[in-house]
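Open your viewer, show the chain as a cartoon, and keep the selection box handy. We will go from stop to stop, and each one tells you what to select next.

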Amino acid sequence: MHPVLFRVPGLDFPIRTFGVMVACGILLSIWMWGKFLARYGDDPRGDPERGSQVAVWVVVGVILGARLVYVTVEVLRYATADVSAGMSDYLASDERARTGAALSPDEAEGARRIAVGHDFVHDPLKMLMIWQGGRVMYGGLLGGILLGVWSAKKHGLDPWNSLDTGLVCGFAGLVLGRWGCLLVGDDYGRVVPDAWTDSARPISFGNGGQVGLATLRVPDLDWLMRNPESLFDHELAGKTLWATQVWMSANALLIALLGYVWLRARRHTGVPAALMLLQYAVCRFTIEAFRGDEVRGVWFGGRISTSQILSAALFALSSWMLVARLRTPEHPRPA
């Protein structure tokens, strides 16, 4: 919708809207976490300072985890694909040769789906180029939790309390991050049925793009051609899609609000975190059914996506965590 915020004068270097929104979300989360640790921590004065050190490792974990899962998914998809000789030659050629490659429509589509994994296998340095995009939310969630818990123990914070408070703040930051997905044209939904084509979309971007609570309209083809930073496929130009980015942002906001309620009423540390993860798993699994960017990974003949598989695993893990934490001694409430 609006992938580049502005370009640095004289350098023509793009400042991407997605990166700005993610950065704002991270800063909001860190600021909120300091406030929460002062309110719900064991040491109202010392915990916020320790939390600022832990937050650095959380951010590192989010970046590394998100990238690692993305690379793993793309490499696995390439490794398990049925690659014809024509597709192999196409993927090994340079951009000019790719343009004129003679492939059937099915081969061209198949090659497009595995191109990223092919490049990672044959040029491993590309795995490190995170500025070119390619991250998975679930990997970031797992990486941030693992490094965050490790760092909390190292710096003397209660890991379970850190997880409860940190997830509330993290989901609040994700609200902004998901709007970054919308602005760059990522994580978009499927084309809607005709009955929803004329649904209300009160936000317009001046390029043909419109956004409402239920649906969005993809910008016009001319604009997409002039703005290759947008991740909307060109064949979707002018079409109406489910506004899955808006739904994921709203879901993050709802989790943050409910997490805050559960945090204030908690009797066992870890229970608010388990409930938030459960809600995220269920809602993310549901929203994925409306996603249209299948190039991100669908399995078993398109029946289930990578994120739905991870949602099912998270649901099982957080259910176990909820039961286990309910059996622990009650946590004293702050005065």
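Which polar contact does the side chain of Asp-47 make with a backbone nitrogen? Keep in mind while you look that this is a predicted model. Select Asp-47 and Asp-42 together and show their atoms: the backbone nitrogen of Asp-42 lies 2.9 Å from a polar atom of the Asp-47 side chain.

**Stop 1: around Asp-47**

Stay on Asp-47 and colour residues 46–79, which form helix α2, the helix that holds this aspartate. Is Asp-47 buried or exposed? Its relative accessible area is 4%, and because buried means under 20%, Asp-47 counts as buried. To see what surrounds Asp-47, add Leu-37, Gly-41, Asp-42 and Leu-157 to the selection; these are its contacts once neighbours within four places in sequence are left aside.

**Stop 2: the whole chain**

Now zoom out. You should be able to pick out 11 helices and 8 strands. Turn the C-alpha trace along its principal axes, and the chain spans about 70 × 45 × 45 Å. How does the radius of gyration agree with that of a compact globule? A compact globule of 335 residues would have a value near 20 Å, and the chain has 22 Å, which agrees.

Colour by accessibility next: buried residues make up 42% of the 335 residues. Switch to a surface view, and you are looking at about 17,400 Å² of exposed area, 65% of it supplied by carbon and sulfur atoms. For a charge view, select the 32 positive and 30 negative side chains; the centres of these two sets lie 9 Å apart. If you draw contacts between residues at least 6 apart in sequence, 72% of them join residues at least 24 apart.

**Stop 3: Val-4 in strand β1**

Select residues 4–8 to light up strand β1, where Val-4 lies. Val-4 counts as buried, with a relative accessibility of 16%. Which residues does Val-4 touch? Not counting residues up to four places away in sequence, Val-4 touches Pro-14, Ile-15, Arg-16, Thr-17 and Glu-229. Then add Leu-183 and draw a C-alpha to C-alpha distance from Val-4: these two are 179 residues apart in sequence and 8.6 Å apart in space.

**Stop 4: the loop between α7 and β3**

Select helix α7 (159–184) and strand β3 (203–204), then look at the loop between them, where you will find Asp-187. What is the phi of Asp-187? The angle is positive, about 55 degrees, although Asp-187 is not a glycine. Asp-187 is also buried, at 6% relative accessible area.

Move along to Asp-194, which lies in the loop between α7 and β3 as well. Asp-194 counts as exposed, at 72% relative accessibility. Select Thr-240 too: its C-alpha atom and that of Asp-194 are separated by 9.1 Å, with the two positions 46 residues apart along the chain.

**Stop 5: Ala-92 in helix α3**

For the last stop, select residues 85–92, helix α3, and find Ala-92 there. Ala-92 is exposed, with a relative accessible area of 62%. How far is the C-alpha atom of Ala-92 from that of Tyr-138? Draw the line between them: these residues are 46 apart along the chain, and their C-alpha atoms are separated by 31 Å.

Technical notes. Residues numbered from 1 in each chain as written. Predicted model: local features only at pLDDT ≥ 70, side-chain atom pairs only at ≥ 80, totals over all residues. Heavy atoms only, no water. Helix = DSSP H or I, 4+ residues; strand = E, 2+ residues; numbered from the N terminus. Rg over C-alpha atoms; globule rule 2.2 N^0.38 Å. Buried < 20%, exposed > 50% of the residue type's maximum accessible area, 1.4 Å probe, protein only. Contact = heavy atoms within 4.5 Å. Areas by Shrake-Rupley, 256 points an atom, 1.4 Å probe, with all protein chains shown as cover. Lys, Arg positive; Asp, Glu negative; His and termini not counted. Charge placed at Lys NZ, Arg CZ, Asp CG, Glu CD. Polar contact = N/O pair within 3.5 Å; in protein donor to acceptor, adjacent residues only side chain to side chain.
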